[in-house]
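Here is a short briefing on one predicted model. Two topics follow: a sheet with its helix, and one residue in a loop.

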Amino acid sequence: MPDRSDNRGSAINQPFRPRARVLQLLGDELIGSPRLAVFELVKNAYDADATNAAVTLDLRSENAPAIMVEDDGEGMTLDLLQNVWLVPGHDHRRRQRERQERSAVHGRLPLGEKGLGRFAVHKLGNRIRLTTRAQDSEECVVEIDWNELIERPFLDEAPVTIRVREPEVFMEDRTGTRIEVSELRPPEWTRGEVRRLCNQITSICSPFQEQGDFQATLVVPGNEHWIEDLPDFAAIIDRAIWRFSFWLEDGQFDWSYEFRQIAGLSLDSRTVAKEGDRLLLPAAPGSRQRDQVIADATTTRGIGPILGELYVYDRDGPVLQRLGATRLFTTYLDEYGGIRVYRDGIRVYNYGEQGDDWLGLDLRRVNAPTRGISRNIVLGAVHLSLDESTSLREKTNREGFVENEALERLQQIVLGALGALEGERQLDKQRIRRVTERPSDPVTDRLEAPIAELRNELERHDLRERLEPYVARIQRQVRDMQETLLTAGMSGLNLAVVFHEVERGVRGLHQAIVEGRDLDEAAAQAQELMRILDGFATLLRRDSKREHSAQRLVLRARQINLLRLRHHRIQLECPLLDGNGDFEARYSFGLVLGALNNLIDNALYWMRVRWPDQDEEPPTQSRRLFIGATDEFADGPAIVIADNGVGFQGDSAEDVTRPFFTRKPDGMGLGLYYANLAMELNDGRLAFPQREEVEIPDAHDGAITSLVFGRRT
C-alpha cells in the first residue's frame, strides 16, 4: 500500500489537465459534418469583415486531397492569434456583440459568440496551416499536425508554433486569412457531396435578396463539371406558381400574395395585399392549448421584426406537364426544399436542410393533404435582425437555435404566416382543379393518403406480405366508415375525433415501419388500430328524426358551451331561451346539435381574433354572441347565429363549406362542411344571410349563419 500519511488533513489544489486530443474531439463532436465545418469557416470570414470568401476543394490527387478557405477580411495580429484564436471558448466575439461593436468596413455585428467555430478546421483533416495578416502587421503562420499533437499526453505539453514573417501570401496592402487543410478525413468528397457543399456555401447569403457585401464561392480544380450545371436559383423561383411575402413588427402583419398564370390553363392571375392585418397563431409546438390566437407586440419580443419570403410550387400531374423541364426543379425541391432562416442576411444552419423539418411541414401535409404545404413544394426564407433577435441563441453544435420559448414563438409566427398563404392558395387550387381534374372527394383523399404512404414503406422494408392483411382491413373499415358518415351524417365534433384517431394510428404504424421496430410490435399496432376503428361503431348509430323544439336544441348547446362562454367572457343574447320565436321541426337532434356547436366554436375563435384576450376586469371590449330564431326564410324557420368577430373576410359560401377550407392556421376545415351536410341530411340547409335579411342586434357585426329547417307538412 502506498504511504498517504503526508497528505492527510491537507488541501490540494489540482487544476484540470485536458488531454491533447480534446481539441480534436471537440472538432469531431461539435461540428456535425465536413460540409458544416466548411460552412463554419466561411462564417468566420464574414465575422472577419471579409467581402469575399473563396473555398478551393482540390481532389486532383487521390493521395493528397486538400481544402483551402481564403478571405480578404481584417486578418489577425500576433496578439489576437495568441490570445483569442488559440484560446478555446474565448468570448471575444460575444463581447463585441454586447458592446454593439461593429466591423470597420461593412458595419457587421459578429455572428460567433462561443469561441468554438475554429474547431471546424479539426473536423476536416489532420494537417492544418493558417496564414493571416492584419493591417500594418507582419504575416503569421500556424501549422498543426494532429498526428503529432495527439501523441502528447496533455494539452499543456503540446505547444503550437507561430512563425512571424514578411508577407508572402497577403502582400502589399492585402489583409486576410488563409486556412489550408490536408490529409482529409473521411467521408470522401463524392460528386453529390461536392454539389451539396456548393449549394450550402453559396446559400450562406440569402439568395432571396439582392447581393450584399459578402460573397462565398467554391472552386473544384479538375472537377469543374461537377458543379457547373447546378440549377440557377433565380430560374428555379421563377417557376413558382405562388409567391408570398410578409412583414411582422410590433403585432402589425403586412403581407402580399400572388398567384401566377399557368401556361395552357385559362386562369387569370390573382394578387392580394393587406397592411396592418392580424396574424393568426397556431397552437405552440407540442401543445394542444392555444395561449394566444393573434400576434401582438409581445409575440416578437427577443426576436425582432420578421421578413418572410415564400415561393410555392404545384407538383400535381396536370400542372407539371404544362411547365416543362420539370425534372430540373422537382429534383432541386426534393433536395433543397424548405424554409431557411437568415440573420443579417447570413444563414442559420441547418434550417431548410434535407432531413430538417423545423416547422413540421411534412406532418402538417399528412394531416391536411389538400391544404398543407410540405417541404418539397416550397422554397422560403425568414429574415431576422442579429441585433434584435437576442433571445434566439445558436446551439453549440451549430445546428439551429437553442430550443426555448423564443424559438417556439418564431415557429408559431412562421406557421401563422404560412396559414395565411394556405388560406388564399386553397382558392386558386380549387380553380386549378376545376379546369384540370375530375371531381374528387377530399375527405376520402385525406384518409387514403396516409394509408398509401404506409403501403410504400411496407414495400420498401419487404413487409408487404406480413402486414398487408391488416392494412387492407383498416382500409376497408375506413371506407365503410366514410360511406356511413356521408349517408347517415354525424356531428363535426365526433368526426374530428374519428379523423384524428384514425390518422394518428396509421401514422404511428407508418413510423414503426420507418424506424424498423420489431415486426410483432408493428403487427400489434395494426391490431390496436383496428380495435380503435371497431370502437367508433357506437358513434355511427343512426339518430332517428323526430319533432324537437328549437329552444331545447339551443338550451343544450348553451349547457355544453357554458364554461367556454364564461372563460372567454362572451355576452350571450338568446331570445329563444325566453321562448321568443320558438318553433318545432323534424330533425336528428344529435346531428343538428353538432352543427350548432361547430358554429358556436367558430364564433368563439373569430371573436378572440378581433377582440384579443385582455387582463383587465371587465374588458374594455365585449365579445357578443347572438342566437335567435327567424321566419324570414321562404323554405322554413331558422336558428340565427351572429357574433361580433371578424366575419367571413370576403370568402364565399361555396368556399367556406368546402372540406378542409379554413383560415385558421391549424384548423381542420371540417366544421362548416359538416354543419352544411348535417342540415342537408335533415331536409334543411346552412345559410349565410346578409344583415338586411334577418333581424339581429346592431352590435353583432361579424359573421351571420343560419340553420334553416324545412317547413312541416
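An open sheet of 5 strands runs in the order β16-β18-β19-β21-β20, with mixed pairing. Its edge strands are β16 (570-573) and β20 (685-687), and each of these pairs on one side only. From one strand to the next, the twist averages 15°. As the model is predicted, these features are computed from predicted coordinates.

**The β16 edge**
- Strand β16 pairs with β18, which covers residues 623-630.
- The pairing is in the parallel sense and spans 4 bridges.
- Within this pairing, Q571 stands opposite R624 in β18.

**The β20 edge**
- Helix α21, residues 671-681, lies across β20 and β21.
- Strand β21 covers residues 704-708.
- The helix runs at about 130° to β20.

**D651 and its surroundings**
- D651 sits in the loop between β19 and α20.
- That loop follows β19 at 638-643 and leads to α20 at 653-656.
- Is D651 buried or exposed? D651 counts as buried because its relative accessible area is 13%, and the cut-off for buried is under 20%.
- The side chains of D651 and R663 are joined by a polar contact of 2.7 Å.
- Neighbours within four places in sequence aside, D651 is in contact with L427, V656, F661 and R663.
- R663 therefore appears both in that contact list and as the polar partner of D651.

Methods
Residues are numbered from 1 along each chain as its sequence is written. This is a predicted model: local features need pLDDT of at least 70, side-chain atom pairs count only at pLDDT 80 or more; totals for chains, interfaces and linings use all residues. Side-chain values use heavy atoms; hydrogens and water are left out. Two strands pair if DSSP finds at least two bridges between them. Helices (H or I, at least four residues) and strands (E, at least two) are DSSP runs, numbered from the N terminus. Axes are lines fitted to C-alpha atoms, for helices over the stretch in contact, and angles run from 0 to 180 degrees between N-to-C directions. Contact means heavy atoms within 4.5 Å. Buried means under 20% relative accessible area, exposed over 50%, partly exposed in between (1.4 Å probe, protein chains only). A polar contact is a pair of N or O atoms within 3.5 Å; within protein, one must be able to donate a hydrogen and the other to accept it, and residues adjacent in sequence count only if both atoms are side-chain atoms.
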